[in-house]
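Here is a short tour of a protein model, meant to be read with the viewer open. Take a moment to load the chain before we begin.

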Amino acid sequence: MLTVGVLVSGSGTNLQAILDRAADGTLEARIGIVLSNRPTARALERAAAAGVPTQTIDHKRFANREDFDRAVVEALRAASVELVALAGFDRIVTPVLLDAFPQRVVNIHPALLPAFKGLHAQRQAVDYGVRIAGATVHFVDEHTDHGPIILQGAVAVDPEDDADTLTSRILQVEHRLYPEAIRLIAQNRVEIVGRGVRILGATPPLPEPLVRRW
Ligand code: GRF
């Protein structure tokens, strides 16, 4: 069974969704370690409650991003991790991590990429006035919020939405998308083809409002 390492920094609601589906068997993968760069992250409590090993590696102890990533890679390897899932991880990753897990680092971003990269994507969407927002699970490459897209889910923006209400509705979609993307990878059904991703085999229809990207 595929062993996943989850990197977190904050509240960890996406981690919780992944843990829940690991526990009920529908993730078809196991979580080998949850690693945080912040000792007070609520996500660490979620992992501990689920009986998953945790580790904190405080980025402030390192002189540069590469040294931090070397320590992260060492911890992930010690836990026999095969797939790295960034889930609200607030550090920029370097080639040290990407080269250690080629095409095996994934991320979730609260926008329909390539729109609204970077921080505060939900606020960017509200400020821009888009009618449709959403979330993206993608492979991580050397550019921020850029790699091949695995799954996307759309959310309609209501006229009354502010950044907070939109954030919470996008999160509901995130919690369905991220475990689903990990399950597809665990089943060896996700293939990177150039800029895109091909999903092999028949997939059951995803519940609305999930949108598959072919
Ligand atoms: C999510 O919105 C995710 O898309 C972004 O950071 C947030 C993490 O939330 N990368 P949580 O820690 O999973 O609750």
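In which loop is the place of Ser-80? Ser-80 sits in the loop between α3 (65–78) and β4 (83–86). Please keep in mind that this is a predicted model.

**Backbone features in the loops**

Ser-80 is worth a look for its backbone: its phi is positive, about 60°, although the residue is not a glycine. Asn-188, found in the loop between α6 and β8 (190–193), is another non-glycine residue with a positive phi, near 60°. Most residues other than glycine have a negative phi, and most peptide bonds are trans. The table sets out the two residues with their surroundings.

| Residue | Phi | Relative accessible area | Class |
|---|---|---|---|
| Ser-80 | about 60° | 49% | partly exposed |
| Asn-188 | near 60° | 59% | exposed |

Because the cut-off for exposed is over 50%, Ser-80 at 49% counts as partly exposed, whereas Asn-188 at 59% is exposed.

The peptide bond between Leu-113 and Pro-114 is cis, with omega about 10°. Pro-114 lies in the loop between β5 (105–109) and α5 (121–128).

**The nonpolar cores**

Turning inward, the largest nonpolar core has 43 residues, and Val-4, Ile-31, Ile-150, Tyr-178 and Ile-182 have the most contacts inside it. Helix α6 (residues 163–186) supplies the largest share of this core, nine residues. Both domain 1 (1–102) and domain 2 (108–214) contribute at least three residues each to this core. Apart from it lies another core, of 23 residues, including Ile-33, Ala-75, Val-84 and Val-105.

Leaving aside residues up to four places away in sequence, Val-4 touches Ile-182, as well as Ala-29, Arg-30, Ile-31, Gly-32, Ile-33, Val-81, Leu-83 and Ala-85.

**How α1 meets α6**

Helix α1 (residues 13–23) packs against α6 at an angle of about 50°, with the axes 9 Å apart. That angle makes α1 oblique to α6, and their crossing is right-handed. On the α1 side, Thr-13, Asn-14, Ala-17, Ile-18 and Arg-21 take part; among their partners in α6 are Leu-171, His-175, Tyr-178 and Ile-182.

**A buried proline**

Is Pro-148 buried or exposed? With a relative accessible area of 12%, Pro-148 is buried, because that value is under 20%. Pro-148 is found in the loop between β6 (132–139) and β7 (149–156). Not counting residues up to four places away in sequence, its contacts include His-138, Phe-139, Ile-192 and Val-197.

Conventions: Residues numbered from 1 in each chain as written. Predicted model: local features only at pLDDT ≥ 70, side-chain atom pairs only at ≥ 80, totals over all residues. Heavy atoms only, no water. Core = buried A, V, L, I, M, F, W, Y, C linked by side-chain atoms within 4.5 Å. Buried < 20%, exposed > 50% of the residue type's maximum accessible area, 1.4 Å probe, protein only. Helix = DSSP H or I, 4+ residues; strand = E, 2+ residues; numbered from the N terminus. Domains from an automatic or database assignment. Contact = heavy atoms within 4.5 Å. Axes fitted to C-alpha atoms, helices over the stretch in contact; angles between N-to-C directions. Parallel < 35°, antiparallel > 145°, perpendicular 65-115°, else oblique. Left-handed = near helix turned anticlockwise from the far one by under 90°.
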